[in-house]
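Trainee: I'm new to reading protein models. Could we go through one together, question by question?

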Amino acid sequence: MNIDGLQEYKKKIEEINKLIENTIKPEIYSVFSNYVQSLGIKYPFLENIHWDQYTPSFDDGDVPTFRSVDPEYSLSEKFLKEISGLEECYDTESMYLHLDDRYVEKYLSGDSYTIGKSIVKYAESNKELVESFNKEFDEFCNIFYSIDSDIMKIIFGDLAKVTITRDGVVTIEDYEYY
């Protein structure tokens with residue numbers, strides 16, 4: 001192969017990168033955004049869906065492999081305030097619709113306890129809605145897990161915290177992994 005062959009190869013790579021940046025990324029953002037937005041309309045308690053993705057930087061002898069960590073969801077502060085009667089809701093990262101009384105009694109205290117008990121009561125009173133959401137979220141997770149990790153890295157980046165709000169806004173923040 002001569003220098004012209006390398007130049008041609010370089011040009012093809014640049015075209016592929018432009019295609020990814022200008023077409024594929026926006027399309028994938030749109031698909032994720034529209035889906036989470038549809039969930040936000042259907043389920044008033046949903047604030048966002050988020051996940052972290054990174055290549056570990058520590059050296060344990062194995063070659064570090066990029067990974068996207070399990071997606072999670074956050075409940076909206078407005079929803080938590082409504083069901084708990086509290087004026088402020090702090091530390092709600094671990095509040096999920098599948099909380100049960102045993103977990104709440106054992107692990108939560110103060111306002112977190114009040115919120116946890118309120119979530120349990122809400123889930124019991126709105127069983128069909130909560131089950132429907134959990135089913136849809138599980139389906140999302142199954143599709144998420146089937147996406148090749150190299151694609152996720154290309155689309156959303158390495159060392160990234162990806163958040164998609166109920167309004168369909170996609171944000172990518174730097175994520176520090178040690």
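Here is a chat about this predicted model, going from the whole chain to single residues.

Trainee: Let's start wide. Which pattern of helices and strands does the protein follow along its sequence?

Mentor: Count the pieces to begin with: there are six helices and five strands. Now walk along the chain and write down each one as you meet it, and you get α-β-β-β-α-α-α-α-α-β-β.

Trainee: Is the protein a compact globule or more spread out than that?

Mentor: For 178 residues, the globule rule gives 16 Å. The radius of gyration here is 21 Å, well over that value, so the protein is more spread out than a compact globule. If you'd like the extent along the principal axes too, the C-alpha trace spans about 70 × 40 × 25 Å.

Trainee: And what share of the residues is buried?

Mentor: To count as buried, a residue needs a relative accessible area under 20%. Apply that to the 178 residues, and the buried share comes to 34%.

Trainee: How far apart are the mean positions of the positive and negative charges?

Mentor: You've got 18 positive and 36 negative charges to work with. Take the mean position of each set, and the distance between the two is 3 Å.

Trainee: Let's zoom in on helix 2. Which of its residues are buried, and how are they placed around the axis?

Mentor: Helix 2 covers residues 77-84, and its buried residues are Phe79, Leu80 and Ser84. They take up an arc of only 115° around the axis, which puts them on the same side of helix 2.

Trainee: Then which residues are exposed on the other side of helix 2?

Mentor: Think of helix 2 as having two sides. What covers its buried residues includes strand 3 (72-75) and helix 4 (110-125). Over on the other side, the exposed residues are Lys78 and Glu82.

Trainee: What phi does the glycine just after helix 2 take?

Mentor: Look right past the end of helix 2 and you'll find glycine 85. Its phi is positive, at about 80°.

Trainee: Glutamate 136 caught my eye. Is it buried or exposed?

Mentor: Glutamate 136 is found in helix 5, residues 127-146. Leaving out residues up to four places away in sequence, it touches Tyr35, Leu39, Lys42 and Tyr43. Its relative accessible area is 14%, and the cut-off for buried is under 20%, so glutamate 136 counts as buried.

Trainee: What about isoleucine 28? Which residues is it in contact with, leaving aside its neighbours within four places in sequence?

Mentor: Isoleucine 28 is found in helix 1, residues 3-42, and is partly exposed at 23% relative accessible area. Isoleucine 28 and methionine 152 are 124 residues apart in sequence, yet their C-alpha atoms are 9.9 Å apart. The contacts you asked for are Ile155 and Phe156.

Trainee: Where is threonine 55, and is it buried or exposed?

Mentor: Threonine 55 is in the loop between strand 1 (46-54) and strand 2 (67-68). Besides its neighbours within four places in sequence, it is in contact with Pro64, Thr65, Phe66, Lys153, Asp158 and Leu159. Its relative accessibility is 19%, and anything under 20% counts as buried, so threonine 55 is buried.

Trainee: Leucine 159 is in that list. What value does its phi have?

Mentor: Leucine 159 is in the loop between helix 6 (149-156) and strand 4 (160-165). At 36% relative accessibility, leucine 159 counts as partly exposed. Its phi is positive, in a residue other than glycine, and is near 50°.

Trainee: Last one: how far apart in space are valine 170 and lysine 106?

Mentor: Valine 170 is in strand 5, residues 170-174, and is partly exposed at 21% relative accessibility. Among the residues it touches are Tyr29, Ser33 and Phe156, with residues up to four places away in sequence not counted. Valine 170 and lysine 106 are 64 residues apart in sequence, and C-alpha to C-alpha the distance is 35 Å.

How values were computed: Residues numbered from 1 in each chain as written. Predicted model: local features only at pLDDT ≥ 70, side-chain atom pairs only at ≥ 80, totals over all residues. Heavy atoms only, no water. Helix = DSSP H or I, 4+ residues; strand = E, 2+ residues; numbered from the N terminus. Rg over C-alpha atoms; globule rule 2.2 N^0.38 Å. Buried < 20%, exposed > 50% of the residue type's maximum accessible area, 1.4 Å probe, protein only. Lys, Arg positive; Asp, Glu negative; His and termini not counted. Charge placed at Lys NZ, Arg CZ, Asp CG, Glu CD. Contact = heavy atoms within 4.5 Å. Arc of directions from axis to C-beta.
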